[in-house]
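Please open the structure in your viewer and keep the selection panel at hand, since this tour moves from one stop to the next by selecting residues.

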Amino acid sequence: MGGGALVTFAAVDVIRAKRDGQVLSDAQIDWVVDAYTQGVVADEQMAALAMAILLRGMTPGEISRWTAAMIASGERMDLGGVGRPTADKHSTGGVGDKITLPLTPLVAACGAAVPQLSGRGLGHTGGTLDKLESIPGWRASLTGAEFRDQLRDVGAVICAAGADLAPADRKLYALRDVTGTVESIPLIASSIMSKKIAEGTGALVLDVKVGSGAFMKDAVTAGELARTMVDLGTAAGVRTVALLTDMSTPLGLAVGNAVEVAESVEVLAGGGPADVVELTLALAREMLDAAGLTDADPAEVLASGAAMDSWRSMIRAQGGDPSAPLPEARETEVVRAAADGVVRSIDAYGVGVAAWRLGAGRARKEDPVSFGAGVVLRVKPGATVRAGDPLCELRTDEPDRFASARDLVAGAIVVDDGAPPVPSSLLIDRIA
Ligand code: URA
């Protein structure tokens, strides 16, 4: 962006221009992003502009400039000194999506360095940091030096993004969250990619979720988001590829915090649900490919126990005790099948909201989460059940939360007496 003094505009003119469907100039974008970060453009003005962007859209050129301006609002990290190729993964978020937990140490055990700057959950999708914080002693905040040292020595870091990473996005995302302006492809793509590019990774694999438990409910919109993000990453010199994956049903069996850590450890131990293993291996292969490490076979590395060793080192390096028992909820209730039949479908959104109501998620960003709370499925779509068989287990510290969660899972888990459903594919598309 040249480094010269920014041209100054009136915020209202920039808002009117986008409201009327005009293409914003580079100078307008640079100014408005910087002025908002500095507090010169007010929240209500940025909210109006975000709504105009949501309604009018942006050209590829505008999206690219907006992303660059958000990166320039903070520090761009240089991971050149870590001594191995870097590769990261970003998921657009889903129910039971614990893949970062087994994937990060697995890819590190295959020879890459994985700098995972993660977030906390809001609403029905969980946050990676909330899950890991259920491990006694584990801490999410690292200094820049600790982050780099751990990346060099262990090869795997999952931690909170520092305040200097795309601060414009931090402020804008919080504003979008309360102004109905999250669901805009230009705003989502620039938000995710500004953080990933600023983080300094050399390769990036995007897991773009499709279905009821995801932001993007259909494959066409998800494909459009994926294409926009892949183009932004590639133009910034990051080898970027996206997988479109199914999020109509929860991933694995566990939805919550400690229960998802336990399921991830099962995967690292060579077991775990087939869908979690399949997606972990598919994403690992893409990350290693993008990082130029084509010799390692992640399935072999997983089976050898090396990924588990890497997990234990990663948890210990951040103060956690990988052998400590995980927190358990005080109360458990089993939900059972009302009649004989076949499990037709399990709706990801319904199960995600149930886990959230049980205390696994937060309604406001300052709320605490309950580490032991959540839903543990006992069946997957296609299972045959008899009346009275367990469908899932609800876990909470506060039994008055059972009632609404029970209603939600009763609506989400559909059992009928028709033919078994046709198994759907987890991997929907690949965009490079
Ligand atoms: N995740 C982000 O980081 N930003 C968005 O806009 C949406 C999801």
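Which residues of α5 are buried? Before you check, bear in mind that this is a predicted model, and then select helix α5, which is made up of residues 100-109. The buried residues are T100, L101, P102, L103, T104, P105, L106, V107 and A108, so that the helix is mostly covered, with nine of its 10 residues counted as buried under the cut-off of 20% relative accessible area. If you move along the chain to the point just after α5, you will reach G111, where phi is positive at about 115°.

**A neighbour of α5**

Keep α5 on display and add helix α14, residues 306-317. Two packed helices are described by the angle between their axes and the distance between the axes. For α5 and α14, the angle is about 110° and the axes are 8 Å apart, and the two helices are therefore roughly perpendicular to each other. To see the contact itself, show the side chains of L101, T104, P105, L106, A108 and A109 in α5, which meet A306, A307, S310, W311 and M314 in α14. When the residues of this contact are sorted by class, nine are nonpolar, two are polar and none is charged.

**A second partner for α14**

Leave α14 in place and select helix α11, residues 258-268. Helix α11 is mostly covered, with eight of its 11 residues buried, and these buried residues are A258, V259, E260, V261, E263, S264, V267 and L268. The axes of α11 and α14 are 8 Å apart and the angle between them is about 140°, and this pair is therefore oblique. Here V261, V265 and L268 in α11 meet A307, M308 and W311 in α14, and by class the contact has six nonpolar residues, with no polar and no charged ones. Just after α11 you will find G270, which has a positive phi of about 100°.

**A crossing with charged residues**

Next, hide those helices and select α3, residues 43-56, together with α8, residues 167-177. How do their axes cross, and at roughly what angle? The axes come within 10 Å of each other and cross at roughly 75°, which makes α3 roughly perpendicular to α8. The residues that meet are D43, M46 and A47 in α3 and K171, L172 and L175 in α8, and by class this contact has four nonpolar residues, no polar residues and two charged residues.

From here, step back to A166, which is in the loop between β3 (156-160) and α8. Most residues other than glycine have a negative phi. At A166, however, phi is near 45°, a positive value in a residue other than glycine. A166 counts as buried because its relative accessibility is 1%.

**The ligand**

Now select the ligand and display its surroundings, which are formed by Y173, R176, I188, S191, I192, K195 and F215. Three side chains are worth a distance label. An oxygen atom of the ligand is 2.9 Å from an N or O atom in the side chain of R176, while a nitrogen atom of the ligand is 2.6 Å from an N or O atom in the side chain of S191. For K195, an N or O atom of the side chain is 2.5 Å from an oxygen atom of the ligand.

**Three single residues to finish**

Select T245 in strand β5, residues 239-246. Is T245 buried or exposed? T245 counts as buried because its relative accessibility is 0%, and its side chain is joined to that of D207 by a polar contact of 2.6 Å. Leaving aside residues up to four places away in sequence, T245 touches D207, V208, K209, V210, L279, L426, L427 and I428.

The next selection is D130, in helix α6, residues 128-132, which is buried with a relative accessible area of 2%. With the residues up to four places away in sequence again not counted, D130 touches R120, G121, N257, R362, V369 and F371.

Finally, go to A235 in helix α10, residues 219-235, which counts as exposed because its relative accessibility is 69%. Add S64 to the view: A235 and S64 are 171 residues apart in sequence, and from C-alpha to C-alpha they are 8.6 Å apart in space.

Technical notes: Residues numbered from 1 in each chain as written. Predicted model: local features only at pLDDT ≥ 70, side-chain atom pairs only at ≥ 80, totals over all residues. Heavy atoms only, no water. Buried < 20%, exposed > 50% of the residue type's maximum accessible area, 1.4 Å probe, protein only. Helix = DSSP H or I, 4+ residues; strand = E, 2+ residues; numbered from the N terminus. Axes fitted to C-alpha atoms, helices over the stretch in contact; angles between N-to-C directions. Parallel < 35°, antiparallel > 145°, perpendicular 65-115°, else oblique. Contact = heavy atoms within 4.5 Å. Nonpolar A, V, L, I, M, F, W, Y, C, P; charged D, E, K, R; others polar. Near = heavy atom within 4 Å. Polar contact = N/O pair within 3.5 Å; in protein donor to acceptor, adjacent residues only side chain to side chain.
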